[in-house]
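Welcome! Take a moment to look at the sequence and the 3D structure before reading on.

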Amino acid sequence: MSFQSLNIIDPLSRAIAKEGYTKPTPIQMQAIPYLLEGKDLMGIAQTGTGKTAAFVLPILQRMAAEIKAVMPGSPRVLVLAPTRELAAQIDHSFATYGQFLRFKHTAIFGGVSQVPQVRILSRGVDILVATPGRLLDLMNQGIIKLKSVEYFVLDEMDRMLDMGFVKDMRKIVSALPQKRQSLFFSATPNRQTDEFACKLLDNAVRVDAGPQESALDRIDQSVFFVDQVNKDRLLLDLFQKSDMSRVLVFTRTKHRADKVALKLGKSNIRAAAIHGNKSQVQRTRAMQDFKSGRIRVLVATDIAARGIDVDDISHVINYDLPNEPENYVHRIGRTARAGARGVAYSFCEADERDYLHGIERFARIKIGAAEHQYHSERAKNATGAAARPPAPQRSRAILRNARPNKPGPHPIHTVRRAN
Ligand code: AMP
């Protein structure tokens, strides 16, 4: 199927061609026809599947069919995203795909001064991309009104609910007009997302792009059993041995992200850390440096990494395993984008052994163990209390997901063993 067969209007087709896209991705193929008809939609799709264009293109096309004057603080489109990075990225997509149309758009998020945001809003925007906190703030100040919203998008809804935005989301939704087109996207649907969607969507179409399976299949995954004290050595060793051109390293804590970036820097491997304690300016600079190749490694915590949109990530390294199994899939999905192959290495020390079990059960995979000089049998064979981190760190999620028969999104398959 081509973009032409989706009946995309000329200004959008030109933008698509300029981006070099030759055919729609599965989520685009499935969602765009319904969205052009004006249907509500629940889309199951991860970042990396082309889901942003799947909603941005039809929204722009429908708006272009009915041009309206912009009103200060009253957008026609509201997109909610869980993080500032994702909000900025979606806003960027509206700029890219809408470059031959004349809609005004902006992104608002916390952590930066509201003054420039308010200035743009008071001049009027057609499209507003926002994180829930800053949006509510500006709504309470009377700067934003949602009565003119015709298109409402909730992106990464599962993540938003996980992050405790449910009350904020309800407040925002209650300020929206009844008559609107609503589009929700979630990477991993669960009961909570389904309940929320059920209440708010009107006769919605459900589209499942099933991306995780194919993306996961393209990633060579391996686990390195290692003692905590040897993780840095192992990391540096991997950098020496493998051809790791653009690497995303994940840690569970901000402190550790800083430490790892510092350690790499000392070994002349250019790296930067991004996490919630970094200013917006620092985060933006780190992202730009990573994209341009000025730095080779980005060290990130899970939340900071949401919305990272960088193609050609050669390796994802889980310096620490995530405490929520879903995050493993989110993390490694950053490599192997747009059809490419990718590599994911996971370090597992003794007290992360249960996390590894949880991940394998959730994703229905068996991750092969790598042979390496820092191999720890203690880590590999840890059981009982030794296989779990100290109590405060443990997440309820892993217990929840540790149920033996919980259906996972992937068929069982064995992942190749790394050498
Ligand atoms: P997303 O899932 O929206 O984060 O998109 C992931 C990446 O896919 C982005 O870098 C897009 O530029 C790219 N992309 C979106 N649609 C297409 C397409 N039809 N063909 C090739 N790449 C695409």
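This report visits two helices and then the ligand.

Keep in mind from the start that you are looking at a predicted model.

**Helix H1**

Let's begin with helix H1, which covers residues 10-19. Which of its residues are buried? They are Pro-11, Leu-12, Ala-15 and Ile-16. If you look down the axis of H1, these buried residues fall within an arc of 140°, so they line one face of the helix. What do they pack against? Their partners are helix H3 (51-64) and helix H4 (84-97). Now turn to the face of H1 that points away from the buried side: there you will find Ala-17 and Lys-18, which are exposed. Just after H1 comes Gly-20, with a positive phi of about 85°.

**Helix H5**

Next, move along to helix H5, made of residues 115-123. Its buried residues are Gln-117, Val-118 and Leu-121. Why do they end up on the same side of H5? They cover an arc of only 95° around the axis, and that puts them on the same side. Several elements help to cover these buried residues, including strand E3 (105-108), strand E4 (127-130) and helix H6 (132-140). On the other side of H5, Val-115 and Arg-123 are exposed. The helix is followed by Gly-124, and the phi of Gly-124 is positive, near 100°.

**The ligand and its surroundings**

Finally, have a look at the ligand. How many residues surround it? There are 16, and the closest are Tyr-21, Gln-28, Gly-48, Gly-50 and Thr-52. By character, the shell around the ligand divides into three nonpolar, eight polar and five charged residues.

Some contacts pair an atom of the ligand with an atom of the protein, and the table lists three of them.

| Residue | Part of the residue | Ligand atom | Distance |
|---|---|---|---|
| Gln-28 | N or O atom in the side chain | nitrogen | 2.8 Å |
| Thr-49 | polar backbone atom | oxygen | 2.9 Å |
| Gly-50 | backbone N or O atom | oxygen | 2.7 Å |

You can find each pair in the structure: Gln-28 reaches a nitrogen atom of the ligand with its side chain, whereas Thr-49 meets an oxygen atom through its backbone. Gly-50 also uses a backbone atom, and its partner is an oxygen atom of the ligand. How much of the ligand does the protein bury? Taken alone, the ligand exposes 500 Å², and the protein buries 83% of that.

Technical notes. Residues numbered from 1 in each chain as written. Predicted model: local features only at pLDDT ≥ 70, side-chain atom pairs only at ≥ 80, totals over all residues. Heavy atoms only, no water. Buried < 20%, exposed > 50% of the residue type's maximum accessible area, 1.4 Å probe, protein only. Helix = DSSP H or I, 4+ residues; strand = E, 2+ residues; numbered from the N terminus. Arc of directions from axis to C-beta. Contact = heavy atoms within 4.5 Å. Near = heavy atom within 4 Å. Polar contact = N/O pair within 3.5 Å; in protein donor to acceptor, adjacent residues only side chain to side chain. Areas by Shrake-Rupley, 256 points an atom, 1.4 Å probe, with all protein chains shown as cover. Nonpolar A, V, L, I, M, F, W, Y, C, P; charged D, E, K, R; others polar.
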